[in-house]
Amino acid sequence: AASDPVVVKGGRSALAVFRRVEGGSSRLSPGARVQRGDEIRLGYRSGGVGFGAIVSVDKLGAVTQHLPASGQRAVALGQGDLVLLESAYELDAAPGWERFYFVTSSVPFELGPVRRAARAVAGLGSEDRVPALNLPPTLEQYSFSLSKAR
């Protein structure tokens, strides 16, 4: 299910989240505690699927598009065990959580519906229950939630 923890293994698509630490980065587990100013780096495994996008949304409804960094359509996914996005993302002070959604498909798709779906679920659920995005069944989705320190 979309709310299950995402683990990178096997041939399936997956989302990985890292926090920058002194001397490198540390892989985070779903529900990890983070705080304002933490630098987050995202990665994914395509699982052989051709196209995808990654967005995040905080509890207040601010949606950030990470993959692609700009544009209106999903991009061709890199293949391999783990593809890291080039830039890190600094967390803001919005309370509650930061949720990341990796949406994939065998064909290109528009990102407007993905961003709107993420905004629609921003305040729903809880720190450990991540709601699925309301997207067409042709799109697969994988989620990862971080808990923001109060």
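Select F102 to begin: its relative accessibility is 0%, so this residue counts as buried. The model in the viewer is predicted, and the tour proceeds from aromatic rings to charged side chains.

**First stop: the ring of F102 and its partner**

Keep F102 selected and add Y142. The two form an aromatic pair that is tilted, with 6.0 Å from centre to centre and 40° between the planes. The angle is neither under 30 degrees nor over 60, and the pair is therefore classed as tilted. F102 belongs to strand β10, while Y142 belongs to strand β11, which covers residues 140-148; the pair therefore ties together parts that are 40 residues apart in sequence. Y142 has 10% relative accessibility and so counts as buried.

Now add Y44 to the selection. Ring pairs link Y44, F102 and Y142 into a cluster.

**Second stop: another ring pair**

The count of aromatic pairs comes to 3. For one of them, select Y89 and F100, whose rings are edge-to-face at 6.3 Å centre to centre, with 85° between the planes. This pair links distant parts of the chain, 11 residues apart: Y89 is found in strand β9 (residues 89-90) and F100 in strand β10 (residues 97-105). Is Y89 buried or exposed? Y89 is buried, its relative accessible area being 15%. F100 is buried as well, with a relative accessible area of 0%.

**Third stop: a salt bridge between β1 and β4**

Turn next to the charged side chains. How many salt bridges does a search of the whole structure find? The search finds 5 salt bridges. Select E39 and R20 for one of them; their side chains meet with 3.5 Å from N to O. E39 is located in strand β4 (residues 39-45) and R20 in strand β1 (residues 14-21), so this pair ties together parts that are 19 residues apart in sequence. With 29% relative accessibility, E39 counts as partly exposed. R20 also counts as partly exposed, at 48% relative accessibility.

**Fourth stop: a salt bridge between loops**

Select E110 and R73. These residues form a salt bridge in which the closest N and O atoms are 2.4 Å apart. E110 sits in the loop between β10 and α1 (112-120), and R73 in the loop between β6 (63-67) and β7 (75-76); the pair therefore ties together parts that are 37 residues apart in sequence. What is the relative accessible area of E110? The value is 41%, and E110 is partly exposed. R73 counts as partly exposed too, with 40% relative accessibility.

**Final stop: charged residues on β10 and β11**

Return to strand β10 and select E98 together with K148. The side chains of E98 and K148 meet in a salt bridge, at 3.1 Å from N to O. The pair links distant parts of the chain, with E98 in strand β10 and K148 in strand β11, 50 residues apart. Strands β10 and β11 also hold F102 and Y142, respectively, from the opening of the tour. E98 counts as buried, at 0% relative accessibility, and K148 is buried with a relative accessible area of 2%.

To complete the selection, add D92. Which residues are joined into one network by salt bridges that share partners? The network consists of D92, E98 and K148.

Methods:
Residues are numbered from 1 along each chain as its sequence is written. This is a predicted model: local features need pLDDT of at least 70, side-chain atom pairs count only at pLDDT 80 or more; totals for chains, interfaces and linings use all residues. Side-chain values use heavy atoms; hydrogens and water are left out. Rings of Phe, Tyr and Trp (its six-membered ring) pair if their centres lie within 6.5 Å; planes under 30 degrees apart count as stacked, over 60 as edge-to-face and the rest as tilted. Helices (H or I, at least four residues) and strands (E, at least two) are DSSP runs, numbered from the N terminus. Buried means under 20% relative accessible area, exposed over 50%, partly exposed in between (1.4 Å probe, protein chains only). A salt bridge is a side-chain nitrogen of Lys or Arg within 4 Å of a carboxyl oxygen of Asp or Glu.
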